[in-house]
Amino acid sequence: MSGRGGAGESPARTSTGDGPAASDTAAPGTPEAEGDRHGATANAADAPGGSEAEDGTAPGTAGAEDGTAPGGSEAADGTPGGSETENGTAPGGSEAEDGTAPGGSEAADGTPGESETENGTAPGGSEAADGAPGGSEAADGTAPGTAGAEGATGSDEAAQPALSEAEAELAAQKIERERIARRKAERQGPVDAGAKLSGKAADLLAAVRAVESGEKPSPVYFDEAPTSPRKPATAPATPPAPARPAPAAPSAAGIEDVRAVLARGGAPEALAGPAATALGEGAAEQLAHDPWRLLAVAGVRPTQADGFARALLGAEAGPGDERRATALVGWLLEQAALKGHTALDAPTLESALTQYGVPDPAESLEQAIGEGAVLVFHEPLGPPVAEGEEQPVRVLVGLEGYALAEESLADGLARLANTFNDPADWEKAASGAGPGADLVRAVSGHGLVTHTGGEAARAEPLALLTAARDLGLRVCLAAHAPAPGAVTVAGLLSGTQGPGRDADGQFAVDLLVVLDAPQLDVETAAALVESVPDGARLVLSGDPGVLGSAGPGRVFGDVLAARACPQLVSRTPDPGPIGELVSGIGIGELNQVDAPGKEVVIVPVRDAGEAVHRTVQLVAESVPRAFGIPADSVQVITPGHGGSAGTRALNAALKERLNPGPGRFGGFDPGDRVVHVPSPGRAEPGRVVSADAQGLHLDAAGARIVVPKEQVDSQVRHGWAVTAHQAVGARWPAVVVVLPGDAAQALSRDWVYSAFGRAERHLSVVHGVDQALPRAVAEVLPKPRTTRLTGLLRALVAAAQDQPE
């Protein structure tokens, strides 16, 4: 029953008995790579030590964009292997397939972030689904790190349609960030600011289009943490007052001025719209004076910006130009944010600048700090030293948006923890709360409480809500993904769900319980906590073992590490063979489990083609026949979107079997199962109802959604197969986890834990990675993220405790 799973062992010695033969000797240690070349191209989120470059090069190898080494020309993306996130969020800082996801996590986007390669080939000689051997060239034939064209061009941004829900939410984020910045300034917070394009112009245009559309990920330099989807540098929240209008789109005259500057530098004129939007007022003048500002446009790489600068400035444009160095510092920090970092160690940043040929990286970093382009922080290391001794510090550098969000979040959490002065006697309520009794008691006397546990432990916060409601409190339950009795965090912040806000713009609640707390990125968490009124209680609940947030930050883990509030650890185990298997994975053990009811089945496969075939059989035939679970209630999970057994290949095969059609509505037909990504970090399951001149009509948990036709490509994907980041927070009666052989490097303990834990009654593992699975569970831990929240929160709580009563 126990014992580490190895080759030839199965966590469940059972088979479905019908459909594809399930091996009762196959080890769970061999599930194949889950779908998109993740084996050889590890997701930045899940891959141990780096993902493979999009052209099939070995992990950890940074290819120069023009084929030369960094410093002469510079690395294509500056990172050991550019990978695409699989978080399911919108392109441009959204999801993997579409152009990116943070964070070790997948954007449900999520995310973070598992990355995927885009060429759809299986590395290491494995064959693509169409029989083509895995090659080393990117999908568009460009060199590694160069994204291929796929989607919307900048010209699409010139004219903006009426605001959609997602656009209204992003506008609200902008307003919230401005409010936080004003508040920080007013109280003087603790932060001290200290010839032609290389290659063809068409390549640059293709790269930008690919990132915007999601075909290619933006480059990432830092591989210390999972890739995450990049969110706007604003806290997502809706203010109480009538929403202000979204920032005005750039004027036609402004776009024309930018187009003229781009033409002088040999850049594609189609970048005029995106550049004018990214740079704002005076964009043309900014570009003419500082051509490296072009790096603010998604998809533009340093080598391309260098070529643009040489065309405009001539010999004046050199690697040591202060403008270049400052732009590179900001760009590198943005790439780090895609990996989940909110700041970086100064030595790490200087090392990255060296790789890009900056002659004096330390001086260049000081210059960027002095100009206020980035902020510098000194974080104490170790315990306080004696008077007269110098305290060791770690020098961190970060972007203003994340700094403000992280500080605002720390302030808000400390406010709730330190200002709560209304303890209540809930002993009677606790005595009737069953397994939630300890949580009820803790919340009765504290404004901030954390609660950890597995899927079964979610019953404890529900018991707390029942008790609080019986006591007459206004309560609200929020979750990352749609859940019974809960509103989504996004819906709560946008005002479309939940109790609404009072006259001061804060939630009209006495108790807010947030499930799936590990999925909170720093900006979302800051907006959420800022909206909780004084005297109210906040409970952050979640499973620390799952994949982290798609966006930057490590909120739940940092709050737990700070120990700034009571921490309740559930003792409620997840039941059955699946619960036993997942619990073992959480502590690094891939154990055999007895599954007399075929709750866990291992289906060995030899290659990606067989993985796709067996997956379709399981979903369409075996699981419905053996367990009475309809195909619509079976969810397929795989490491990434690309590759011969990624979500795209699996969804195509599943659509052909379950809902065949011509795809006349942008590739979709009525009845298609889809995932809707209305904004970065959100991935909502739905089904296609119809399409007309307005757009694609979806049914999402009973709610009707219309996606404008120009947004369908970027916001909607088929949903029979999803990535683990997209699946976090939800569960299904049956789950098929697909691990083809090329996914070995994409696996990590938190990825396996998250994917396997999505199953309620039945788990099938389409297995082809041999010993990579037990090795990942035992050895490949989540990659660390550099954040400041723990230190900030500890300092604020300690300061409050030192104050006299």
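The accessible surface of this protein comes to about 28400 Å², and 52% of that surface belongs to carbon and sulfur atoms. Of the 805 residues in the protein, 60% are buried, and the chain as a whole has 24 helices and 19 strands. Please keep in mind throughout that what we are looking at is a predicted model.

That brings me to confidence, before any detail. The average pLDDT over the protein is 77, with 69% of the residues scoring at least 70. Among the elements, helix α2, which covers residues 201-213, has the lowest mean pLDDT, at 50, while β11 has the highest, at 98. Over residues 1-161 the pLDDT stays under 50, although the model has 754 contacts beyond four places in sequence for that stretch. Residues 214-247 are also below 50, and there the model shows 221 contacts beyond near neighbours in sequence. Where pLDDT is low, the predicted coordinates should not be read in detail.

Let me turn to the charged pairs. Side chains of opposite charge can pair when their charged atoms come close, and a search of the whole structure finds 24 salt bridges. One of them joins the side chains of Asp306 and Arg324, with a nitrogen-to-oxygen distance of 2.9 Å. Asp306 sits in helix α6, residues 302-313, and Arg324 in helix α7, residues 322-338, so this pair ties together parts that lie 18 residues apart in sequence. Are the two partners buried or exposed? Asp306 is buried, with a relative accessible area of 9%, and Arg324 is buried as well, at 4%.

A second salt bridge is formed by Glu316 with Arg323, where the closest N and O atoms are 3.1 Å apart; Arg323 has a relative accessible area of 17% and is therefore counted as buried, the cut-off being under 20%. A third one brings together the side chains of Asp345 and Arg394, at 3.6 Å from N to O. Here Asp345 belongs to strand β1, residues 344-345, and Arg394 to strand β3, residues 393-398, so the pair ties together parts that are 49 residues apart in sequence. Arg394 is partly exposed, with a relative accessible area of 25%. Finally, there is a network of salt bridges that links Lys655, Arg664, Asp669 and Asp672.

Since α6 carries Asp306, I would like to spend a moment on that helix. It is mostly covered, with nine of its twelve residues buried, namely Pro302, Thr303, Gln304, Ala305, Asp306, Gly307, Phe308, Ala309 and Leu313. How far apart are the end C-alpha atoms of α6? They are 16 Å apart, which agrees with the 16 Å that its twelve residues should span at 1.5 Å a residue. After the helix comes Gly314, whose phi is positive, near 70°.

Another helix to compare on your screens is α22, residues 749-756, which is mostly covered, with eight of its eight residues buried. These are Arg749, Asp750, Trp751, Val752, Tyr753, Ser754, Ala755 and Phe756. What do the buried residues of α22 pack against? The list holds helices α17 (576-586), α21 (724-727) and α23 (772-779), together with strands β11 (634-638), β18 (732-739) and β19 (759-767). Among these neighbours, β11 is the element I mentioned earlier as having the highest mean pLDDT, 98.

Two loop residues are also worth pointing out. Lys339 lies in the loop between α7 and β1, and it is buried, with a relative accessible area of 1%. Its C-alpha is 7.2 Å from that of Pro552, although Lys339 and Pro552 are 213 residues apart in sequence. Gln506, for its part, is found in the loop between α14 (489-494) and β7 (511-514), and at 18% relative accessibility it counts as buried. Leaving aside residues up to four places away in sequence, Gln506 touches Gly500, Arg501, Glu530, Ser531, Val532, Pro533 and Asp534.

I will end with the cysteines. How many disulfides does the count give? The count comes to zero. Cys476 counts as buried at 6% relative accessibility, and Cys565 is likewise buried, with a relative accessible area of 11%.

Notes. Residues numbered from 1 in each chain as written. Predicted model: local features only at pLDDT ≥ 70, side-chain atom pairs only at ≥ 80, totals over all residues. Heavy atoms only, no water. Salt bridge = Lys/Arg side-chain N within 4 Å of Asp/Glu carboxyl O. Helix = DSSP H or I, 4+ residues; strand = E, 2+ residues; numbered from the N terminus. Buried < 20%, exposed > 50% of the residue type's maximum accessible area, 1.4 Å probe, protein only. Areas by Shrake-Rupley, 256 points an atom, 1.4 Å probe, with all protein chains shown as cover. Contact = heavy atoms within 4.5 Å. pLDDT = per-residue confidence, 0-100. Disulfide = S-S within 2.5 Å. Expected span 1.5 Å × (residues − 1).
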